[in-house]
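Let us take a walk through a protein model together. Please have a look at the sequence and the structure below, and keep them at hand while you read.

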Amino acid sequence: MTWVDWAALALFFICWLGYAPILKFVGRYGGSLNDDMAHVRRMWMSAMTHRELKLVDSQLMGHSINSASFFASTNLLLIAAVGGILFGGESKLEGFAAVGAENVPIQILEAKLALVLICLARGFLDFIWALRQMNYTLALIGAAPELHHKTDREAFGDAAAELLNPALSAFSQGVRGYYFALAAAAWLFGPLWLALGVASSFGLLIYRQEASPAARAIRNARRLLGE
């Protein structure tokens with residue numbers, strides 16, 4: 001690989017693995033959509049403990065579980081597709097190279113496909129962990145004390161939020177895996193395409209966290225709910 005490939009690859013790992021601390025630095029004053037949603041979910045779990053019927057809460061959790069299951073299933077299909085080419089022998093790799101990467105050595109092509117596979121595999125593990133935590137949260141909703149019970153509702157709501165927030169954070173990490181898998185796939189066309197793909201994906205993610213209409217709406221909702 002050339003020095004341009006190594007530079008683009010370094011940029012990829014800096015943006016991929018350093019996304020969370022970079023986002024925290026960028027949003028250190030105004031916050032981010034993830035921070036605002038963590039507060040909203042904490043308020044949700046607190047309100048849940050004061051409701052006599054938890055049917056709506058369980059339905060909302062069921063919807064989240066279905067969404068995570070869909071993404072996990074799709075991720076698994078993509079892993080199978082990329083893995084089938086990567087581990088299918090030289091004939092499949094050569095056939096894939098003939099489509100648009102004729103001048104790329106087989107070893108370099110394997111490295112590029114492996115990077116895509118790593119992104120998808122990490123995202124798949126995030127979705128699986130998110131699903132497990134969502135199911136645990138659903139159990140806590142079912143175990144929430146009745147209104148006449150003397151359990152500390154605020155403490156129970158905080159405990160449920162401390163489980164729900166990491167679950168949805170893992171789900172978000174899994175979704176981010178798609179963005180960076182697309183950026184990694186751009187490496188098949190050359191290192192400059194990889195750098196452009198990384199910069200585009202990272203910039204889009206930061207924009208959606210800080211300045212998108214959804215981020216502004218959630219920030220306003222957090223203010224209405226109270227800090």
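The paragraphs below begin with the whole chain and then turn to some helices and residues.

This is a predicted model, and a good place to begin is with how confident the predictor is. The mean pLDDT of the protein chain is 86, and 91% of its residues reach 70 or more. Confidence varies from element to element: helix α8 has the highest mean pLDDT, at 92, while helix α5, made of residues 90-100, has the lowest, at 59. Where pLDDT is low, the predicted coordinates should not be read in detail.

Now for the overall picture. What does the pattern of the protein chain look like when read along the sequence? It runs α-α-α-α-α-α-α-α-α, with nine helices and zero strands. The C-alpha trace spans about 70 × 40 × 20 Å along its principal axes. Of the 227 residues in the chain, 42% are buried. If you take the contacts with a separation of 6 or more, 79% of them are between residues 24 or more positions apart.

Next, let us follow helix α8, which covers residues 191-210. One of its partners is helix α7, residues 153-185. The two pack with their axes 7 Å apart, at an angle of about 160 degrees. Angles over 145 degrees count as roughly antiparallel, and α7 and α8 are therefore roughly antiparallel to each other. Their crossing is right-handed. On the α7 side, the contact is made by Arg-176, Tyr-179, Phe-180, Ala-183 and Ala-184; on the α8 side, the residues include Leu-194, Val-198, Phe-202 and Leu-205. Sorted by class, this contact has nine nonpolar, two polar and two charged residues.

Helix α8 also meets helix α1, residues 3-17. Here the axes come within 8 Å and cross at roughly 15 degrees. Are α1 and α8 roughly parallel or roughly antiparallel to each other? Angles under 35 degrees count as roughly parallel, so α1 and α8 are roughly parallel to each other. The crossing of this pair is left-handed. Among the α1 residues that make the contact are Val-4, Asp-5, Ala-8 and Phe-12, and among those of α8 are Pro-191, Leu-194, Val-198 and Phe-202. By class, there are 12 nonpolar residues, no polar ones and one charged one.

Let us now zoom in on single residues, starting with Leu-205 in helix α8. Its relative accessibility is 7%, and because buried means under 20%, Leu-205 counts as buried. Leaving aside neighbours within four places in sequence, Leu-205 is in contact with Tyr-19, Arg-176, Tyr-179 and Phe-180. Leu-205 and Leu-23 are 182 residues apart along the chain, yet their C-alpha atoms are separated by 9.3 Å.

Another residue to find is Asn-75, which sits in helix α4, residues 55-86. Is Asn-75 buried or exposed? With 1% relative accessibility, Asn-75 counts as buried. Beyond its neighbours within four places in sequence, Asn-75 is in contact with Leu-120, Gly-123, Phe-124, Phe-127 and Tyr-178.

For a contrast, turn to Asp-35 in helix α3, residues 33-48. Its relative accessibility is 43%, so Asp-35 counts as partly exposed. Asp-35 and Gln-209 are 174 residues apart in sequence, and their C-alpha atoms are 9.4 Å apart in space.

Terms used:
Residues numbered from 1 in each chain as written. Predicted model: local features only at pLDDT ≥ 70, side-chain atom pairs only at ≥ 80, totals over all residues. Heavy atoms only, no water. Helix = DSSP H or I, 4+ residues; strand = E, 2+ residues; numbered from the N terminus. Buried < 20%, exposed > 50% of the residue type's maximum accessible area, 1.4 Å probe, protein only. Contact = heavy atoms within 4.5 Å. Axes fitted to C-alpha atoms, helices over the stretch in contact; angles between N-to-C directions. Parallel < 35°, antiparallel > 145°, perpendicular 65-115°, else oblique. Left-handed = near helix turned anticlockwise from the far one by under 90°. Nonpolar A, V, L, I, M, F, W, Y, C, P; charged D, E, K, R; others polar. pLDDT = per-residue confidence, 0-100.
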